[in-house]
Every structure is written in C-alpha cells, then in structure tokens.
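Colleague: Before I set anything up, could we go through this model together, beginning with the chain as a whole and ending with single residues?

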Amino acid sequence: MSGQVQGVDGGKVFAAVDIGASSGRVILGRVAAGGTATEAAVQLEVVHRFPNGVVEIDGGLRWNFDALFAEVLEGLRAAATVAAAQGEKVASIGIDTWAVDYGLVDAGGKLTAQPFSYRDDRSRAAVEPVHRKLDPERLYGTTGLQFLQFNTIYQLATEQDLAGLQALLIPDLIAFLLTGQRRTEATNASTTGLFDAVAGEWATEFLTALGLRKDLFPPLIQPGESFGTLLPEIASQVGLPQDTTVVAVGSHDTASAVAAVPAQEEDFAYISSGTWSLVGLELKHPVLTEASREANFTNERGVDGTIRYLRNMGGLWLLSECQRTWAAEGFRPELPALLEAAAALPPGGPQINPDDPYFIAPDNMPDRIRAAVRRTGEVLPNDPAAITRCIMDSLATGYARTIRDAERLADRSVDVVHVVGGGSQNRLLCQLTADVTGKKVIAGPVEATALGNVLVQARAAGAVSGGLTGLRSLVVRSHQLQAFTPELSRL
C-alpha cells in the first residue's frame with residue numbers, strides 16, 4: 001500500500017529520543033507534505049546530543065540512568081525551545097534505545113538501582129541453571145530468540161529478590177518517568193526470551209518456570225499506541241504542554257531502523273550497522289526450526305507485526321574501541337584517513353570472528369584482535385591500518401555468511417542488501433560487503449533509527465497513512481542513497 005500524506009497541521013513536529021550504547025540524541029522530525037506521498041519528505045533536526053556508556057558501580061558494569069534521564073529532559077527542553085521559535089508544536093515523543101537491559105522499580109515507582117549493562121558478565125553463570133529448567137530447544141521453539149548470554153531471561157535469573165518490584169526495559173522506563181504509565185513495548189519485549197513469537201504475548205509459563213511473577217513486566221503496548229501524556233511536573237520542567245503524548249514506536253532501536261529501511265522490493269536483506277551489526281531479513285512469520293536455532297538466528301518483532309529474522313553480530317564497536325585505545329596512547333588518526341589506508345592494503349589478510357564473546361567487554365581492543373589472529377596461526381602487524389582492514393574484512397565476511405544462512409533457513413532469495421545506520425557511511429565496509437556477498441548494496445540513511453521513530457509517530461498522528469511500504473517510500477524520497485556493486489577484482 002502506498003502511503004498518503006495528510007500534511008502536518010498546526011506546525012506539528014515529532015520528538016525522537018534515540019539512545020544507543022555510546023551516545024544519545026533528541027531529534028525533531030518534520031513531515032513536509034504536499035498533496036500525496038510522492039511530494040512528501042521527512043526532515044530531521046538534532047537538537048541535543050549527549051554521551052552514554054557503561055560505568056562501574058558497586059562492582060558491576062551499569063548504566064548511569066539518572067544522568068541519562070537528565071539528558072533526555074534536557075533534550076526535550078531543547079526540542080520545545082526550537083519548535084516554539086519556529087512556530088511549531090511538539091505533537092508527540094517517541095523513545096528507542098538498545099534492547100535487553102531493564103531497571104527495577106518499586107510500587108512507588110522508585111528505581112531501586114542503576115540498571116546493569118548487558119556488557120556486565122553477571123549473567124554468564126545463570127545460563128546453565130536456566131537451561132536446566134527450560135531447555136534451549138523449548139526456549140527457541142516458543143520465543144525464536146537467538147541465544148546470547150546477556151538476554152534478559154538470564155539477567156533476571158541472577159536477581160536475588162524481586163518481591164514487590166517490576167521490570168521496565170530501558171525505553172519503557174524512560175516512558176514511565178515521563179508519563180507515569182507502565183507498559184512494555186512489543187518489539188523490545190521480543191528480545192527478553194520471555195515473549196511468544198507466534199502468539200505475540202508474554203510466555204507466562206516461562207516466567208512461572210523460573211519462579212518469576214507473571215506480572216513482573218507491565219502489559220504490552222504496540223508501536224503507534226499511546227503510553228499517555230506528560231506528567232504535570234515533567235511538562236513544567238521541559239516546557240511542553242501537559243497534553244503532549246508519548247507514543248510507543250519500535251522502541252528497540254533496530255525495530256525503528258528496519259522500519260526505515262528504504263526498500264522498494266518485498267524481499268531484501270538489511271544490515272543495521274553500528275556498535276552491533278544486526279543482519280537479516282524481514283519476514284511475515286517466525287522461523288522456529290531446529291536448523292534455525294542451531295544457526296543462532298533470532299525472530300524479533302518489528303513494526304506492524306513483522307518479524308526481524310536476524311543474527312546479532314559484532315559491529316563497529318571493534319573499531320571504536322581500537323580508536324579509544326590508540327587515542328589513549330597518543331595516536332588519533334582521523335577515521336577517513338584510517339579507512340583509506342586500510343583500503344589500500346591487499347586483500348586476503350587475516351580475519352577474526354567478530355561474534356566472539358572475547359570482544360564484548362572494553363579493554364585494549366587492538367591487542368585482543370591481534371591475539372585472536374595469533375590463535376588462528378597468522379600474524380597481524382601492530383599497525384592501525386592493518387587492524388582496521390582486519391575488522392572490515394571480518395565484518396564483511398560475517399555479513400555474507402549470515403545473509404546466506406538467512407536465505408537458506410527462511411527459504412528466501414534476495415538481490416539487494418540495505419545498510420543503514422552509522423556503518424552506511426563506511427564506504428570500505430559497504431564495498432567489501434558487496435564484494436563478498438556478490439549482491440548490490442544500498443547504503444543509507446544514516447539516521448534510519450530516528451526516521452523510523454518519527455515516521456511511526458507521524459502515522460499515529462494522522463500525518464502519514466499506509467503500511468511500511470508507504471513509510472519507506474518517504475525515506476527514499478527524502479534521502480540520498482549510495483549504491484555499491486560487487487568488484488570481484490577486490491577479492
């Protein structure tokens with residue numbers, strides 16, 4: 001169905017709170033509309049940026065959520081100020097973040113502690129006890145979720161006393177503090193290991209089997225539905241009307257990113273490339289076979305009830321951590337120059353497995369990458385360009401392998417790979433991906449997550465109508481995309 005644009009009446013704009021593992025933004029989105037969708041465009045304006053990252057608190061790696069929420073409020077203040085200066089009204093707010101992690105709140109709504117980060121190793125010891133109660137085959141047959149040791153189900157198994165507490169996933173926790181309403185957005189719920197992939201509901205029998213209350217998480221809410229309006233004290237703090245709505249979007253950032261993939265074909269592969277790489281296909285139904293489980297593919301909810309059939313792979317975290325180490329050592333190469341030097345190196349160099357848990361925690365990534373290469377019997381020079389090329393080659397090879405597996409397991413064939421997110425700016429990675437997959441790669445948009453967030457809000461407000469195809473057509477018309485075709489001579 002093609003999308004129809006109704007126009008944004010009264011100068012309405014939409015505020016997207018988009019927070020990743022290393023940074024966050026508050027972005028104003030505008031749908032500039034003509035009479036039909038073919039004349040429409042989506043524009044984004046970043047009004048506030050802030051850093052994010054794990055910190056060590058009480059002997060564990062946690063998120064400084066109090067500071068994070070303060071930045072969200074600051075961003076909403078900026079959004080209100082910018083909108084007012086241009087004669088606009090912030091119609092709604094949508095929130096997306098990373099998945100899996102949660103905060104625990106008591107009956108009075110107080111956060112009991114700063115939330116643990118998935119990068120903390122606490123859940124490793126919980127995997128075996130959980131699997132004694134719920135074997136992996138049974139878990140996958142219901143949830144369709146890729147095994148990762150930090151999935152919410154394993155994190156919860158480490159908690160000592162949950163009496164009287166409720167678990168709120170990070171974007172839902174932000175929405176709760178803004179509105180006072182407790183809900184769990186469905187795309188993020190699907191990453192917990194406690195969500196039925198077919199029924200689209202909580203797998204309450206799993207909660208019971210683990211000794212957890214059935215109401216540990218709040219009821220589900222779907223993208224496009226309303227959490228509620230701002231609490232009076234929040235509205236006063238940020239300078240927005242109290243009737244400003246907080247709308248559920250694809251609150252798992254990958255769900256929002258995939259909603260904005262500029263695909264015009266029904267069958268396509270996507271790579272949401274950032275700190276992590278989310279690589280897969282969009283399907284109508286989950287794939288719950290034993291072969292799919294053994295290949296460690298996940299079936300996560302997307303916007304409009306779609307299935308994001310993908311693998312969660314290592315990503316540009318590897319490179320950003322290398323850059324952090326090199327900067328601490330006094331070497332601060334600009335990224336374009338570093339990638340250019342890496343591209344000039346001959347093909348066929350050593351590679352690593354970017355999915356190895358060895359690379360999850362932050363700590364001297366260049367040394368760890370070189371050590372991993374040594375374990376394969378090869379040698380990687382202690383040279384930033386060589387290490388960068390190793391990362392790029394390893395990611396591209398992993399992407400190709402994952403896409404081939406997804407096609408086989410889902411019985412689909414694709415000709416186009418869409419790369420969205422920060423990695424879409426990495427020309428070397430995009431070209432290597434085209435080379436290794438043998439498929440056309442279309443790169444962009446960089447801000448896919450924020451676009452998906454804004455478009456779901458705009459549709460909820462009646463500014464846009466239609467399904468995902470219509471939303472995606474707006475993305476195509478609003479952004480310049482870059483195509484990469486395979487160059488076999490580079491292999």
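What follows is a set of questions from a colleague, with answers from the modeller.

Colleague: How does the radius of gyration of the chain stand against the globule rule?

Modeller: This is a predicted model, and its chain holds 17 helices and 23 strands. The globule rule gives 23 Å for 491 residues, and the chain comes close to that value, so it is as compact as a globular protein of that length. The radius of gyration is 22 Å.

Colleague: What share of the residues of the chain counts as buried?

Modeller: A residue is counted as buried when its relative accessible area is under 20%. Applied to the 491 residues of the chain, that criterion gives a buried share of 59%.

Colleague: Among contacts between residues at least 6 apart in sequence, what percentage joins residues at least 24 apart?

Modeller: A contact here requires heavy atoms within 4.5 Å. Among the contacts in the chain that meet the separation of at least 6, the share joining residues at least 24 apart is 74%.

Colleague: Which helix gives the largest share of the largest nonpolar core?

Modeller: That core has 81 residues, and Leu76, Ile93, Ile174, Leu178 and Leu230 are the members that touch the most others. The largest share of this core amounts to 10 residues, and these come from residues 65-85, which form helix α1.

Colleague: With which residues is Ile174 in contact, leaving aside its neighbours within four places in sequence?

Modeller: Ile174 is among the members of the largest core that touch the most others. Once the neighbours within four places in sequence are set aside, the contacts of Ile174 are Ile19, Phe65, Phe69, Val72, Ile95 and Thr97.

Colleague: How many residues are in the second, separate core?

Modeller: Members of this second core include Ala295, Leu395, Ala406 and Leu429. The core is separate, and its number of residues is 51.

Colleague: How many of the 13 residues of α16 are buried?

Modeller: Helix α16 covers residues 448-460 and reaches 18 Å from its first C-alpha to its last, close to the 18 Å expected at 1.5 Å a residue. Its buried residues include Leu451, Asn453, Gln457 and Arg459. The helix is mostly covered, and the number of buried residues is 12.

Colleague: Is Glu294 buried or exposed?

Modeller: Glu294 lies in helix α10, which runs over residues 290-294. Exposed means a relative accessible area over 50%. Because Glu294 has a relative accessible area of 61%, this residue is exposed.

Technical notes:
Residues numbered from 1 in each chain as written. Predicted model: local features only at pLDDT ≥ 70, side-chain atom pairs only at ≥ 80, totals over all residues. Heavy atoms only, no water. Core = buried A, V, L, I, M, F, W, Y, C linked by side-chain atoms within 4.5 Å. Buried < 20%, exposed > 50% of the residue type's maximum accessible area, 1.4 Å probe, protein only. Helix = DSSP H or I, 4+ residues; strand = E, 2+ residues; numbered from the N terminus. Expected span 1.5 Å × (residues − 1). Rg over C-alpha atoms; globule rule 2.2 N^0.38 Å.
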